[in-house]
Amino acid sequence: MFDTLDPVLLARIQFAFTISFHIIFPAFTIGLASWLAVLEWRWLKTGNVVYAEIYRMWVKIFAVAFGMGVVSGIVMSFQFGTNWSVFADKSGNILGPLLGYEVLTAFFLEASFLGVMLFGWNRVSPRMHFAATVIVACGTLISAFWILSANSWMQTPQGFRLGDDGLLYPTDWLAVVFNPSFPYRFAHMIVATYLTTAFVVGGIGAFYLWRRKHEKHARVMLGMAMIMAVFVAPTQLLLGDLHGLNTLEHQPAKVAAMEGLWETQRGAPLVLFGWPDQEAQTTRYAIEIPKLSSLILTHDLDGEVKGLKEWPRDEQPPVAWVFWSFRIMVGIGMLMILTGVMALVLYLRKRLFTTPWFQYWCMALTPSGFIAVLAGWFVTEIGRQPYIIYNVMRTAEAASPVGSQPIALSLAAFVVTYGVVFGAGVYYIARLIAKGPAAEETAYGDHGVPKPPLVAPRVTAKGGEHV
Amino acid sequence: MFNLEPFLDLPLIWYSLIIIAVLLYVILDGFDLGVGILFPFAPSDTCRDRMMNSIAPFWDGNETWLVLGGGGLFAAFPLAYAILMPALYIPVTLMLLGLIFRGVAFEFRFKAESSRRIWDYAFHFGSLLATLMQGMILGAVVQGIDVEGRSFAGGSFDWINAYSVMTGIALIFGYALLGSTWLVMKTEDATQDWARKSASYVLGYVGLFLGIVSVSMPLMKASIRELWFSLPNVFFLLPIPLLTAALFVLIWRDLHTGREYRPFFMSIGVFLMGYLGLGISLWPWLVPHQVTYQQAAAAPESQSLLLVGTAIMLPVVLAYTAYCYYVFRGKASHESAY
């Protein structure tokens, strides 16, 4: 019944679906782990219990998100083989060790110390607990290092040779790991995860302020988030620009698709909006700013920018996807920078925590980071098509010798499973947010109110630690 | 370029490392999955809370050995990975789906109130499905896989037959033995009593299935028959079944004399023996009777690079894994831990 469907297309949809689902969680947990480490450090340093209470609220959310990231990540490690076995066979010599290092240096670290982080409160010292948090945070960054190196190598491959048997062989490991696009992609992605987390935390903080609940905690959340918006969001613009220039050097067709430019020209305009029509090889209804594209990409008003027509049609990426995803990503980035500016102005007027419209604004931007991260990955992954390894191996040549039927059925199973798991995960995270920090401690504990008699005694350690 | 090939038999070292990683996975996640298999049969919700708490800090690390096994196979033997994964497309996918439900159940169950029952069953059926598929994958692989050139050449449903269903059920009982003896060690009172009863019950089935597999393997392939029953091999290999039998007797006795720790470690011993027997029968194949570990080996440069990392990191990983088990030593409580 699925025989009319192209197995390669189905495999691509399956990979796109499972990786898009997966990346949502690391995009959140990488930033969250680092933030939790900062919170715990502030708590140990100042003894201010507000930090500990925020930590304890968010570590539960972290656990849910991390769990979903782990289970959807294991799927990825098998998909290279199930759906892309020819790719696995040919590139195994190069990508295998990179993924092996990810498991050895990151996955075990995260997985093992996560247990201490979640369940170790009254089993290890506060210092050791802090160490566990820092180790988990480092694990998430190390994991990102290896997987982004592997992905970047597929974008800008180097340090290898093509053997007589058709397999790829490494010739220079440093060149493989630190391939040209890797430093830019790594910096851009890590900063993206930090911003994603910041806007989630800021949005929840704004929500509490709006509801006039947990105000002490909410100020810390929104305040720390806005520090990120003020300083890190503009940095991301700079990093994105550098990444774009790097892409122009190594994958000019991707940049042409991002810009929606078909003709090679000097003084190329910046297409703000339009409808790229791949059939007609033109961008319809284009609203353009003259010469700006040349200025951005070559830093010269009359610099030459290559258009998509330089490449035969079967080597052009699907332009509309890349074009629109790029605009969504950049648009959200701009909103984040704007948020930072508004926060700064409000802060200087001492109204950062008391301005209702700004609270609505921050709540509305809560999911913005996720959308931007997904859009960014759409740009870079769809933009390198039709290649799986850029200029080395085509996606269509990489697929497994598996029929349409099992791929279609497993795709359907993944969609249903992920739908259920994601729905439940979001529901439980929403409930944790509704419950808020210190929900149990508000009436007593450190607030000077005597403990109600019917509550079970709680272990109190140094620093007013509630377990 | 950096290459250890002149000094070391890299494919053999990697073959051993992959075997060890898979063995560690089978033992470590085996008891987690076993707890999941036994989950709905526990006498009370308090028991279930204790069962869950006894493995909650560990399951994630334990499951990572599967990623190391899969990732290591990809890194060290890409050809075997590229043949086995398409051949096992459906069971691998089902196993992953099972592991997804099992994994999220840990986090969701702790947070759920009215819907807790749903995650109890997600935990149970996820564990059951993952285990059944792992057992069926084993059964399918030992029977052999169709290969042409460098690719899988069989059909999508080649992996289903009576034999693989049998090995699937066998592994369910095997993991249930690990899970129940783990609970004997990590719990007390009613939960422990129940785990002890379950363990002795499951033990019989494990013996039965181990017997069936041991008899069927030599019957399936003349080369395996020759390996086990020719002289002088028979004398070298005889200790394996004899030791296994001794372990069964000891576990049975310990379960009835109130020992807490030994049944678990001797259950691991049973798995070790079964694994050893299987490994000897399948040597030196990675894809049985088609591709040996030498044929599937990655470039020596690739195996060398990852070997350096493994030599440094594996002891570190084992050390902090041991530390985590040490932190959470002792009996599990039934109270929500965080």
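The expected span of a helix is 1.5 Å times one less than its number of residues, and I would like to start from that rule, keeping in mind throughout that what we have here is a predicted model.

Let us take helix α12 of chain A, residues 368–383, as the case to try. This helix has 16 residues, so at 1.5 Å a residue it should span 22 Å, and its end C-alpha atoms do lie 22 Å apart, in agreement with that expectation. As for its surroundings, the buried residues of α12(A) include A:Ser368, A:Gly369, A:Trp377 and A:Gly383, and the helices that the buried residues of α12(A) pack against are α1 (7–46), α4 (126–155), α6 (182–211), α8 (252–259) and α10 (319–348) of chain A.

Let me turn now to a pair of strands in chain A. Strand β4, residues 270–277, runs antiparallel to strand β5, residues 282–289, and six bridges join the two; within this pairing, A:Val271 is found opposite A:Glu288 of β5(A). The two strands make a hairpin with four residues between them, and in that turn A:Gln281 has a positive phi of about 55°.

Finally, we come to the contact between the chains, to which chain A gives 59 residues and chain B gives 58 residues. On the side of chain A that touches chain B, at least two residues come from each of α2 (49–82), α3 (85–119), β2 (168–170) and α13 (404–435), with α3(A) providing the largest share, 23 residues. Sorted by class, that side of chain A holds 36 nonpolar, 20 polar and three charged residues.

Definitions and conventions:
Residues numbered from 1 in each chain as written. Chains lettered and ligands numbered in written order. Predicted model: local features only at pLDDT ≥ 70, side-chain atom pairs only at ≥ 80, totals over all residues. Pairing = 2+ DSSP bridges. Contact = placed C-beta atoms within 7 Å. Nonpolar A, V, L, I, M, F, W, Y, C, P; charged D, E, K, R; others polar. Buried ≥ 20, exposed ≤ 12 C-beta atoms within 10 Å, placed from the backbone.
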